[in-house]
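Student: Please show me how to read a structure like this one, feature by feature.
Tutor: Gladly. Keep the model in view as we go.

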Amino acid sequence: QSINGTCTIVLSTLQDTETAQRRFLLTGNEAYLTPYTSARTAIGNEFANARRLLSASPEQLARLSALQRIAGDKFDELEQTIGLRRAGDNSAAQALVRTNRGKESMEHARATIGEMQQYERTALAARQSEWLDAASVSSLVVLGGSGLLLALVIAAALRTSRDYRARQTQLWIRAGQMGLATRIQGEQLLETLGNHVLGYLADYLDARIGAVFVAEPERRLRRIAGYATTETTCSASLQLGEGSLGQAARDNRVIHMHDVPADYMVIGSSVGRATPREIVITPASVDGIAYGAVELGFFRRVKAEDLELLSRVSENQIGRASCRERV
């Protein structure tokens, strides 16, 4: 509770007791004295609280002591008039009221309270001015520190996000490797193996067309499996080094084509035909020797993690499976 609040309560209490006095003098009804009776105790508590609040302000403590004396004089006047009315001497009680003793006490109380409240407002304004001066001096330091902290938080968030995405990517790649390993385990014919490889990769990577070729004698490559291909869209065989796929197998390197020619590979259905947006050709090799190649076509942009997965499975899984089945 603030000192302004205490002053307001004290003034309101004195006014309530004065009202109770006048009603009792007019009617003689003791019920009207309830505010007066409770106020004598309550106002003492308010003054005690105010002294604790003003312990560091000698000027305000002096004004509070003056206000307490005024309140005491007011209660003395009330007690005298009430005592006369209870004794049946209403004329004497009214005469005491007409001396304006109580009115003067109330005026002194209002003046003293006004001085106390004005002092508090002035002190508050001074403290606010000091705070603003201190704030203006430190604002640049705070701003600079906040900017540095924000930069550090953003950097940490970006690093955390980057690390999280990297972990998720590696989990996705490992899941793809494990899934493919399940599809190609066991003894399988080359054609069955190729279809299993294409079916899994097309589903996992969202590829729309694809083919698997294996190396044969006389430096040729034979298509053993196709996904969404036809004889007109994908050759049944080709020479090692012929076309992009033959080149990837001969050089044992991944070829990633971004701008696919309109007639390079066409995906057709009953409702239309379209050319893939990007093509990825990866050799299926073991110990640097290409035993075949996998070609996939995408309508979407191929991401780095797609290429990493294809690179891992082509050498570690597809290449070894192809070599094993041929043996």
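Tutor: Start with a definition. Two strands pair if DSSP finds at least two bridges between them. Bear in mind that this is a predicted model.

Student: Which strands form a hairpin with two residues between them?
Tutor: β7 and β8 do. In the turn, Asp287 has a positive phi of about 55°. Strand β7 covers residues 278–286, and nine bridges pair it with β8 in the antiparallel sense. For a register mark, find Val280, which stands opposite Leu296 in β8.

Student: How many residues lie between the strands in the hairpin of β1 and β2?
Tutor: Three. Here Glu218 takes the positive phi, near 60°. Glu218 lies in the loop between β1 and β2 and is exposed, with a relative accessible area of 69%. The two strands run antiparallel and are joined by seven bridges. Val212 stands opposite Ala225 in β2.

Student: Where else does a residue other than glycine have a positive phi?
Tutor: Look at Asn100, with phi near 65°. Asn100 sits in the loop between α4 (90–98) and α5 (101–184). Is Asn100 buried, partly exposed or exposed? Its relative accessibility is 37%, so Asn100 counts as partly exposed.

Student: Back to the strands. How do I read a whole sheet?
Tutor: First the general idea. Strands of a sheet pair through backbone hydrogen bonds, either parallel or antiparallel. Now this case. Six strands make an open sheet, in the order β3-β2-β1-β8-β7-β4. The pairing is antiparallel.

Student: Which strands stand at the edges, and why is one side of each left without a neighbour?
Tutor: β3 (237–239) and β4 (255–257) stand there. Each has a single partner strand, so one side of each lacks a neighbour in the sheet. As for twist, neighbouring strands of the sheet are turned against each other by 20° on average, direction ignored.

Student: How many bridges pair β2 with β3?
Tutor: Three, in the antiparallel sense; β2 spans residues 220–227. Arg222 stands opposite Ser237 in β3.

Student: What about β1 and β8? How many bridges do they share?
Tutor: Six, again in the antiparallel sense. Two facing pairs help you trace the register. Val214 stands opposite Gly292 in β8, and Gly210 stands opposite Leu296 in β8. So Leu296 appears opposite Gly210 of β1 and opposite Val280 of β7.

Student: Are these strands largely enclosed or largely open?
Tutor: Count the buried residues. In β8, eight of the ten are buried, so the strand is largely enclosed by the rest of the structure. In β1, seven of the eight are buried, and so that strand too is largely enclosed.

Student: Which helix lies across β1, β2 and β8?
Tutor: Helix α6, residues 190–205. It runs at about 55° to β2.

Student: Now the helices. How do I describe a packed pair?
Tutor: Two packed helices are described by the angle between their axes and the distance between the axes. Take α1 (residues 3–27) and α2 (residues 34–53): their axes come within 10 Å and cross at roughly 160°. Angles over 145 degrees count as roughly antiparallel, so α1 and α2 are roughly antiparallel to each other. The crossing is left-handed. Among the residues making the contact are Ile9, Val10, Thr13 and Leu14 of α1, and Ala39, Ile43 and Phe47 of α2. By class, this contact has twelve nonpolar, three polar and two charged residues.

Student: At what angle do α2 and α3 pack?
Tutor: About 170°, with the axes 11 Å apart; α3 covers residues 58–86. They are therefore roughly antiparallel to each other. The contact includes Tyr36, Ile43 and Phe47 of α2, with Leu64, Ala71 and Phe75 of α3. Its classes are twelve nonpolar, two polar and three charged.

Student: Please pick one residue to close on.
Tutor: Ala71, found in helix α3. Ala71 is buried, with a relative accessible area of 3%.

Student: Which residues is Ala71 in contact with, leaving aside its neighbours within four places in sequence?
Tutor: Leu14, Ile43 and Phe47. Leu14 belongs to α1, and Ile43 and Phe47 to α2. Also compare Ala71 with Leu11: they are 60 residues apart in sequence, and 9.2 Å apart in space, C-alpha to C-alpha.

Terms used. Residues numbered from 1 in each chain as written. Predicted model: local features only at pLDDT ≥ 70, side-chain atom pairs only at ≥ 80, totals over all residues. Heavy atoms only, no water. Axes fitted to C-alpha atoms, helices over the stretch in contact; angles between N-to-C directions. Helix = DSSP H or I, 4+ residues; strand = E, 2+ residues; numbered from the N terminus. Parallel < 35°, antiparallel > 145°, perpendicular 65-115°, else oblique. Left-handed = near helix turned anticlockwise from the far one by under 90°. Contact = heavy atoms within 4.5 Å. Nonpolar A, V, L, I, M, F, W, Y, C, P; charged D, E, K, R; others polar. Buried < 20%, exposed > 50% of the residue type's maximum accessible area, 1.4 Å probe, protein only.
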